[in-house]
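Please open the structure in your viewer and keep the selection tool handy. We will walk through it one stop at a time.

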Amino acid sequence: MIQHSASPQGGAIPGRLTYAQPVLDKMARHATSGIEGLRMEPPGSGNLLERFLLHRLVLPSGRRHLRMEVYLQAARGWQIPDLCRRAQAAIAEEVGRLTHYERITVNVHVSGTFGPGDAEDLL
Amino acid sequence: MSAEGTPPAPDPKLLVEKASDAAIAARGVVTICDVAVSVGRRGPLGDTRVHVKLSLVAQYGSRLPEVAAEVRELVASAVESGTGCTVTAVDVTVSDLFVPGEPGAQVGMGVDPATGARIDF
């Protein structure tokens, strides 16, 4: 299980605080749910080798710094860079609100596009 | 201190039970998935030192550092008052988040899927 961990902020009792990958996935999904024109990929989809290699790189890079890899699909006709920027901002804000990380890097991978004739939400 | 004067080491099962019961009471905790304790050597005053590691499911929207801090306080208080051991650290792993109404949201893991209310077990 890929985990992200860091030391807690203050507190009399010491201990580590660790987040499992599904926790960050749910935050990202929730943060982007209100953004029209994109949808998150379900966990485990896509190029397995690429995802494996990317996940290998997703390691705690510091106690206050989190780097996330997010996979999404963009609706055809939308400006993909704009969608990605909105997704990055929303995810960073949500994760920053719910966790202790002070610096959050969100790398967005656009794995494909979808249109009105395609299947509804993947999740 | 002589060996005769030191209290016996507590049963690890008792420590796990106390830690689990205490952690579930923290705000934002939906269920406790796993609890492990490491009982260390006695300190200079003859106390037994305990390191607790637990994983939990938290309610979505809770600030997780605050949830973890409350879990640490409750677990340390319960273990120390109930067993006399000194808690050196409480490691918390948030293994998942519970979103009420979400399909497949931890059904059967101590949560009422309709209301999100916690069911102790």
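This tour goes from the place where two chains touch, through several helices and strands, to a nonpolar core. Keep in mind along the way that this is a predicted model.

**Stop 1: where the chains touch**

Colour chain A and chain B separately and look at the place where they touch. Here 18 residues of chain A are in contact with 20 residues of chain B. On chain A's side, the elements that give two or more residues are strand S2 (17–20) and helix H1 (21–32). What kinds of residues make up the side of chain A that touches chain B? They divide into 9 nonpolar, 7 polar and 2 charged.

Now select S2(A) together with strand S3 of chain B, residues 86–98. These two strands run parallel, and 3 bridges join them. To see one facing pair, pick Thr18(A): opposite this residue, in S3(B), stands Thr93(B). Remember Thr93(B), as we will meet this residue again.

**Stop 2: a helix in chain A**

Next, select helix H3 of chain A, residues 80–98. The helix has 19 residues, so at 1.5 Å a residue it should span 27 Å; the C-alpha atoms at its ends are 27 Å apart, which agrees.

Show the side chains of Leu83(A), Ala87(A), Ile91(A), Val95(A) and Leu98(A), which are buried in H3(A). Because they cover an arc of only 80° around the axis, they lie on the same side of H3(A). Now turn to the face that points away from this buried side: the exposed residues Pro81(A), Asp82(A), Glu93(A) and Arg97(A) are found there.

What covers the buried residues of H3(A)? From chain A, the cover includes H1, strand S3 (38–40), strand S4 (65–75) and strand S5 (103–114). Chain B takes part too, with helix H2 (64–83).

**Stop 3: the strands of chain A**

Stay in chain A and select S3(A), S4(A) and S5(A). S3(A) pairs with S4(A) in the antiparallel sense, over 3 bridges. Within this pairing you can find Arg39(A) opposite Gln73(A) of S4(A). S4(A) and S5(A), on the other hand, run parallel and are joined by 11 bridges. Here, look for Arg67(A), which stands opposite Thr105(A) in S5(A).

Then click on Val106(A), which belongs to strand S5 of chain A. Is Val106(A) buried or exposed? Val106(A) is buried, because 20 other C-beta atoms lie within 10 Å, and 20 or more is the cut-off for calling a residue buried. Along the chain, Val106(A) and Leu66(A) are 40 residues apart, yet their C-alpha atoms are separated by 8.4 Å. Leaving aside neighbours within four places in sequence, Val106(A) is in contact with Met68(A), Val70(A), Gln88(A), Ile91(A) and Ala92(A). You have met one of these already: Ile91(A) is among the buried residues of H3(A).

**Stop 4: across to chain B**

Select chain B, which has 2 helices and 3 strands. Starting at the N terminus, trace its elements in the order α-β-β-α-β. Of its 121 residues, 35% count as buried.

Zoom in on H2(B). With 20 residues at 1.5 Å each, this helix should span 28 Å, and its end C-alpha atoms are 28 Å apart, which agrees. Its buried residues include Leu64(B), Val67(B), Arg72(B) and Val79(B). Among the elements covering the buried residues of H2(B) are S2 and H3 of chain A, along with helix H1 (12–23) and strand S1 (29–42) of chain B. Just after H2(B), click on Gly84(B), whose phi is positive, near 85°.

Move to Val57(B), in strand S2 of chain B, residues 48–59. Val57(B) is buried, with 25 other C-beta atoms within 10 Å. Here Thr93(B) returns: Val57(B) and Thr93(B) are 36 residues apart in sequence and 8.7 Å apart in space, C-alpha to C-alpha.

**Last stop: the nonpolar core**

Finish with the largest nonpolar core, which has 57 residues. Those with the most contacts inside this core are Ala19(B), Ala23(B), Ala58(B), Val71(B), Val75(B) and Val79(B). Which element gives the largest share of this core? H2(B) does, with 10 residues. For a final click, choose Ala58(B): beyond neighbours within four places in sequence, its contacts include Gly28(B), Val30(B), Leu64(B), Val67(B) and Phe98(B).

How values were computed:
Residues numbered from 1 in each chain as written. Chains lettered and ligands numbered in written order. Predicted model: local features only at pLDDT ≥ 70, side-chain atom pairs only at ≥ 80, totals over all residues. Contact = placed C-beta atoms within 7 Å. Helix = DSSP H or I, 4+ residues; strand = E, 2+ residues; numbered from the N terminus. Nonpolar A, V, L, I, M, F, W, Y, C, P; charged D, E, K, R; others polar. Pairing = 2+ DSSP bridges. Buried ≥ 20, exposed ≤ 12 C-beta atoms within 10 Å, placed from the backbone. Expected span 1.5 Å × (residues − 1). Arc of directions from axis to C-beta. Core = buried A, V, L, I, M, F, W, Y, C linked by C-beta atoms within 7 Å.
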